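Got the chain open in your viewer? Let's go through it together, one question at a time.

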Amino acid sequence: QVQLVESGGGLVQAGGSLRLSCAASGGTFSSYRMGWFRQAPGKEREFVASISGSGGVTNYAESVKGRFTISRDNAKNTVYLQLNDLKPEDTAVYYCSARRLGSTGYDYWGQGTQVTVSS
């Protein structure tokens with residue numbers, strides 16, 4: 001069983017930056033593909049970014065490409081999401097997730113951290 005705890009959310013003005021962190025415990029962190037998702041009020045949860053176990057392969061939603069960067073530190077069992085040039089439409093609860101090798105979906109989820117961007 002993997003436990004995921006996000007931190008780093010907050011209130012920021014448009015154009016500002018935040019860095020989200022997700023600390024993992026349990027399991028072998030480097031074997032999991034890690035992802036970030038977000039859910040805005042009244043909307044479905046959507047994919048934001050993912051990173052392979054080694055950190056060598058990353059994927060981003062089109063809406064965040066060039067503004068957000070996902071990274072990981074396997075020695076610290078932590079995945080990060082750097083959010084730059086934030087826009088009001090980035091306001092959402094951001095969730096960290098982990099996918100086991102061979103799994104078709106994400107198996108573990110954190111409790112989420114709120115990001116609010118004011119205009």
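## Questions about a predicted model

Thr78 is buried in this predicted model, with a relative accessible area of 10%.

Q: Which strand holds Thr78?
A: We've just seen that Thr78 is tucked away from the surface, since 10% falls under the 20% cut-off for buried. Look at residues 78-83, and you'll find Thr78 there, in strand β8.

Q: Which backbone oxygen does the side chain of Thr78 reach?
A: Leaving aside neighbours within four places in sequence, Thr78 is in contact with Ser21, Cys22, Ala23, Phe29, Arg72 and Asp73. The oxygen we're after isn't on that list, though. At 2.8 Å from the side chain of Thr78 sits the backbone oxygen of Lys76.

Q: What is phi of Asn77, and what is its sign?
A: Asn77 is found in the loop between β7 (68-73) and β8, and it's partly exposed at 29% relative accessible area. Most residues other than glycine have a negative phi. Asn77 isn't a glycine, yet its phi is positive, near 50°.

Q: Where is Asp85 found?
A: Asp85 also has a positive phi, near 50°, and is a residue other than glycine. Asp85 has a relative accessible area of 43%, so it counts as partly exposed, between the 20% and 50% cut-offs. To find Asp85, go to the loop between β8 and β9 (92-99).

Q: How many residues does the largest nonpolar core have?
A: In soluble globular proteins, nonpolar side chains tend to be buried together. Here, the residues with the most contacts inside the largest core are Leu4, Met34, Trp36, Val79, Leu81 and Tyr94. Count every member of that core and you get 30 residues.

Q: Which elements give two or more residues to this core, which has 30 residues?
A: Strand β8 is one of them, and so is β9. The full list is β3 (18-25), β4 (33-39), β5 (46-51), β7, β8, β9 and β11 (113-118).

Q: Which residues is Leu4 in contact with, leaving aside its neighbours within four places in sequence?
A: Leu4 is among the residues with the most contacts inside the largest core. Its contacts beyond those neighbours are Cys22, Ala23, Ala24, Met34, Cys96, Ser97, Ala98, Tyr108, Trp109, Gly110 and Gln111.

Q: How far apart in sequence are the parts tied together by Asp90 and Arg38?
A: Asp90 forms a salt bridge with Arg38, with the closest N and O atoms 2.9 Å apart. Asp90 lies in the loop between β8 and β9, while Arg38 is in strand β4, so the pair ties together parts that are apart in sequence by 52 residues.

Q: Is Arg67, which meets Asp90 in a salt bridge, buried or exposed?
A: The side chains of Arg67 and Asp90 meet at 2.7 Å, N to O. Arg67 lies in the loop between β6 (58-60) and β7 and Asp90 in the loop between β8 and β9, so this pair ties together parts 23 residues apart in sequence. Asp90 has a relative accessible area of 0%, so it is buried. Arg67 has 8%, and that makes Arg67 buried.

Q: Which residues are linked with Asp90 in a network of salt bridges?
A: Asp90 forms a salt bridge with Arg38, and another with Arg67. Add Glu46, and the network is Arg38, Glu46, Arg67 and Asp90.

Q: Which residue forms a salt bridge with Asp107?
A: The structure holds 5 salt bridges. In this one, Asp107 is partly exposed at 26% relative accessible area, and its partner is partly exposed at 41%. With the closest N and O atoms 3.2 Å apart, that partner is Arg100.

Technical notes: Residues numbered from 1 in each chain as written. Predicted model: local features only at pLDDT ≥ 70, side-chain atom pairs only at ≥ 80, totals over all residues. Heavy atoms only, no water. Helix = DSSP H or I, 4+ residues; strand = E, 2+ residues; numbered from the N terminus. Buried < 20%, exposed > 50% of the residue type's maximum accessible area, 1.4 Å probe, protein only. Polar contact = N/O pair within 3.5 Å; in protein donor to acceptor, adjacent residues only side chain to side chain. Contact = heavy atoms within 4.5 Å. Core = buried A, V, L, I, M, F, W, Y, C linked by side-chain atoms within 4.5 Å. Salt bridge = Lys/Arg side-chain N within 4 Å of Asp/Glu carboxyl O.
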